[in-house]
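Trainee: I would like to go through the ligand site and the empty spaces of this protein. Could we begin with the terms?

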Amino acid sequence: MCGIVGYVGRKDAESVLTVGLQKLEYRGYDSAGIALLVKNNIIVRKRAGKIHELINSLAESPLPKSTIGIAHTRWATHGGVCDTNAHPHLSQRGIFAVVHNGIIDNYSYLREMLRQQGYSFSSETDTEVIANLLEYNYLREGELIEALVKTVKQLEGSFALAILFRDDPDLIIGVRKDSPLVVGLGEEENILASDPVAILPHTKRVVYLDDGEIAFVRQNSVEFYDFQGKPIEKEAKILDYTEEDAEKGPYPHFMLKEIYEQPKVLSTNIERYVRSLKPVLLRDLNLRKLLLNKTRIIIEAAGTSYHAGLVGKYLLETYAEIPTEVEYSSEFSYRKLATDSRTLVVAISQSGETADTIDGLRYAKKHGLEVLAIVNRPESTIARESDYVIYTNAGIEVGVASTKAYVAQVQVLTLLALELAHVKGFLTEDELEGMMRHMEALPKKVERVLALDAHIGHIAERIYKTTNVMFLGRGINYPTALEGALKLKEVSYIHAIGYAAGEMKHGPLALVDNALPVVVINPRSSAYELTVSSTHEVVSRGGKVISVITEGDRRMAELSTHTIYVPEVPEFLTPIITIVPLQLLAYYAAVLRGVDPDKPRNLAKSVTVR
Ligand code: F6R
C-alpha cells in the first residue's frame with residue numbers, strides 16, 4: 001500500500017529508482033513520482049497513472065543526472081488521484097522532499113498549525129504536512145536529528161518515510177512507524193525500500209527497521225537512531241530470495257506464474273513440515289504445549305487469509321476437536337472479547353503487514369492472550385510481534401490476488417490440525433500416515449489441474465461477458481466458494497458471490513435464471529449428496545452450472561453445462577485441489593475483459609491502512 005524506494009550510491013539514481021518502483025508497483029499504482037538531489041537542489045517529477053506514465057515523462061524530458069534520490073508509487077488515501085497529490089512532496093522552501101506510506105491521523109490539526117505559521121499547501125495530502133512540519137522544526141531547531149525527533153513525536157498515525165535533504169548530498173533518511181521499511185547494504189551504495197523485492201537486484205544484505213526507528217542512509221554508511229534520537233545498533237540479515245522470485249519469467253502475469261508455482265509451494269511445505277509421513281510442526285515443544293493448553297481458538301484474518309481461516313476452522317474442529325471461530329480482523333479488534341487465558345488467537349496473513357490483522361494481534365495481546373501467527377513473509381510485523389510463528393513458505397507473491405499464499409495457508413492449517421489431532425489421540429499413527437501419503441501425492445495432482453488450463457480458458461470465454469456469477473459450496477468447500485467468488489470479482493470486476501449451497505433455498509435461489517452462471521464446487525466428500533440436491537434446484541430454474549467435481553463423476557456432469565474434473569483426493573484435501581481451477585477461471589476472465597489481473601483497480605497488495 002504505497003511503495004517507497006530511496007537510493008544513494010554510484011549508479012544513476014533515476015534508473016535504480018524507476019526499476020525499484022516497478023518492483024513495488026503491486027503496493028499501489030494510481031500515481032508515481034521521483035525526487036533527485038542535483039547540486040543542492042531537489043528536483044521532483046510526478047505523474048498520475050501507472051509507473052509507465054512517469055517513465056514516459058522522464059524519457060520525453062529527462063531530469064539532470066544524479067546518484068541520490070527517493071521515489072514512490074501511490075495508493076491514494078488523502079486526496080484524489082492527480083499529479084499534485086502524487087509523492088514526493090516538497091516542503092515550502094524546498095529543503096525536504098518526502099515520500100510516505102501510511103496515514104497521518106492528526107494531519108488536519110497539524111496543517112492548521114502550520115498555516116498559522118505562514119505555510120501554504122498545494123496538495124490535499126497528509127504527506128505534504130510532514131514535509132512542511134519537518135522543515136518548520138528544522139528551521140527552529142537547527143539540528144536535523146532534533147528536528148526529526150520533534151517531528152515524529154508530533155505525528156499521530158502510521159508512517160514509513162523516505163526523506164531527501166537539500167543540504168546534504170549524501171543522505172537519505174528512513175523513518176518507520178507501523179509501516180514496513182528495510183535498508184539494503186550494498187558496495188558503495190545503499191538502498192531503502194518498503195519491501196526487499198526492490199533491494200534484491202542490488203544486494204541481499206538488509207536491515208529491517210523496527211517501529212520507532214530512523215535510518216541515516218549514506219553511500220558508505222548507515223546509522224540508526226530511535227525516536228529519542230539515540231544511536232542504536234542493528235543486525236543485518238541475508239535475504240532468502242533470488243531475483244527470479246520477484247520476476248515474471250516466461251509468464252504474461254504474476255498471477256499466472258504464482259498459480260503455476262503451487263505444486264512447488266506444496267512440495268516445499270511437505271519437505272519442511274512432514275518427516276517419515278508425520279507432520280512435525282509440534283516437535284517445537286513450546287508450540288505443542290501451547291496448543292495442548294488451549295480450549296478455544298479465534299482466527300483473525302482478512303480477505304483470502306480469512307477464507308483460509310474458515311477452512312482451518314473446519315479442520316481444527318473436525319480432527320483436533322478444538323472449538324474455533326474465525327473473524328475478520330477489521331471486526332475482531334473493535335468488539336469486547338469474552339475470552340480467557342485458554343483462548344489462543346491465530347493471526348493469518350500473507351504479507352504480515354495488514355494493518356487490520358496487526359491491530360487484531362495487538363488487541364489480543366493487550367487482553368493477555370497468546371498469539372500464533374501463520375505468515376508468509378519472514379521479518380514482517382506480524383511475524384515479529386506474535387508469540388509463535390509458523391511460516392507458509394510460499395515465496396514472494398507479487399500478484400495482488402492471493403493464490404499460492406492461500407494454498408500454502410490451507411496446507412499449513414491442515415498439517416497443524418492433523419498433527420494436533422494425533423497428539424491428542426484422535427488420529428492413530430496409521431491414520432495420520434495414510435493422510436500424509438495423500439498429502440505427498442497432492443503436488444502431482446495439482447499439476448494435473450494446471451494441465452486443464454486451456455479447458456478452463458474456454459469456460460472463461462463463455463462467462464466473461466456476464467455481469468453476475470454465483471459460487472456454491474458446502475462443508476469444507478463453502479470457503480472455496482467464497483474464495484472463488486473473491487478471486488473472480490477482484491480481478492475481472494464481474495460481480496460474484498459465494499454461498500453455502502444449503503442456504504440457496506433460503507433466499508439466493510431467487511437470483512437464479514437462465515442467464516446466471518453458477519459455479520458448484522462439489523468434489524466427492526461428506527457434503528456431496530446434499531450439494532447434488534442444491535444443484536438440481538439451480539438447474540430446474542434454468543441456472544447454467546459450471547461444476548468443479550471429481551474425475552469420473554457422471555451424476556454431477558449430467559447436471560452441468562461445463563465441468564472441470566479434478567483428481568480424486570480425500571475430503572480434507574479438497575479445498576486445495578478445487579481452488580486451483582477457480583483461480584485460473586478468474587485469471588482468464590480478467591484477461592478476456594482486458595483487465596490487468598496483477599493490478600486490479602482500486603486495490604493494492606499489503607493493505608497497511610485501516
Ligand atoms: C485477495 C487478497 C486479499 C488479502 C487480504 C489480506 O486476493 O489478496 O484479500 O488476502 O488483504 O492480506 P494478508 O494475507 O497479506 O494479510
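Mentor: Let us begin with a definition: a polar contact is a pair of N or O atoms within 3.5 Å. Please keep in mind that this is a predicted model.

Trainee: Understood. How far is the backbone N or O atom of Ser402 from an oxygen atom of the ligand?

Mentor: That distance is 2.9 Å, between a backbone N or O atom of Ser402 and a ligand oxygen. The protein buries 87% of the 410 Å² that the ligand exposes when taken alone.

Trainee: Which atom of Thr354 approaches the ligand, one of the backbone or one of the side chain?

Mentor: It is an N or O atom in the side chain of Thr354, placed 2.5 Å from an oxygen atom of the ligand. With Gln350, a polar backbone atom is involved, and the distance to a ligand oxygen is 2.7 Å.

Trainee: How many residues surround the ligand?

Mentor: There are 15 residues around the ligand, and the closest are Ser305, Ser349, Ser351, Thr354 and Glu490. By class, this shell has five nonpolar, eight polar and two charged residues.

Trainee: And what space does the ligand take?

Mentor: The ligand takes the space of the largest pocket. As for secondary structure, the elements that give two or more residues to the shell around the ligand are helix 9 (303-319) and helix 16 (478-492).

Trainee: What is the volume of the largest pocket?

Mentor: Its volume is about 600 Å³. The lining of the largest pocket comprises 29 residues, and those nearest its centre are Gly303, Val400, Glu490, Ala604 and Val607. Glu490 is thus named among the residues closest to the ligand and among those nearest the pocket centre.

Trainee: Which elements supply at least two residues of that pocket lining?

Mentor: Helix 9, strand 20 (343-349), helix 11 (355-366) and helix 16 each do so. In terms of class, the lining of the largest pocket divides into 12 nonpolar, 11 polar and six charged residues.

Trainee: Let us turn to enclosed spaces. How many cavities of 30 Å³ or more are there?

Mentor: The count comes to two. The largest cavity has a volume of about 70 Å³, and the second largest has about 30 Å³.

Trainee: Which residues line the largest cavity?

Mentor: Cys2, Arg74, Trp75, Ala76, Thr77, His78, His87, His100, Gly102, Asp126 and Thr127 line the largest cavity. By class they are three nonpolar, six polar and two charged residues.

Trainee: And what lines the second largest cavity?

Mentor: The lining there consists of Pro523, Arg524, Thr550, Val566, Pro567, Glu568, Val569 and Thr574. Four of these residues are nonpolar, two are polar and two are charged.

Trainee: Back to His87. Is its peptide bond to Pro88 cis or trans?

Mentor: The bond from His87 to Pro88 is cis, with omega near 5 degrees. Pro88 lies in the loop between strand 4 (68-74) and strand 5 (89-90), while His87 is one of the residues that line the largest cavity.

Trainee: One last backbone matter: is phi of Asp178 positive or negative?

Mentor: Asp178 has a positive phi of about 65 degrees, although it is not a glycine. Asp178 is located in the loop between strand 8 (172-177) and strand 9 (182-185).

Definitions and conventions. Residues numbered from 1 in each chain as written. Predicted model: local features only at pLDDT ≥ 70, side-chain atom pairs only at ≥ 80, totals over all residues. Heavy atoms only, no water. 1 Å grid on protein atoms, 1.4 Å probe; cavity = no way out; pocket = protein on both sides within 12 Å on 5 of 7 lines; lining within 4 Å. Points joined across faces, edges and corners; volume = space filled by probe spheres on them. Nonpolar A, V, L, I, M, F, W, Y, C, P; charged D, E, K, R; others polar. Near = heavy atom within 4 Å. Polar contact = N/O pair within 3.5 Å; in protein donor to acceptor, adjacent residues only side chain to side chain. Areas by Shrake-Rupley, 256 points an atom, 1.4 Å probe, with all protein chains shown as cover. Sits in = over half its atoms within 2 Å of the grid points. Helix = DSSP H or I, 4+ residues; strand = E, 2+ residues; numbered from the N terminus.
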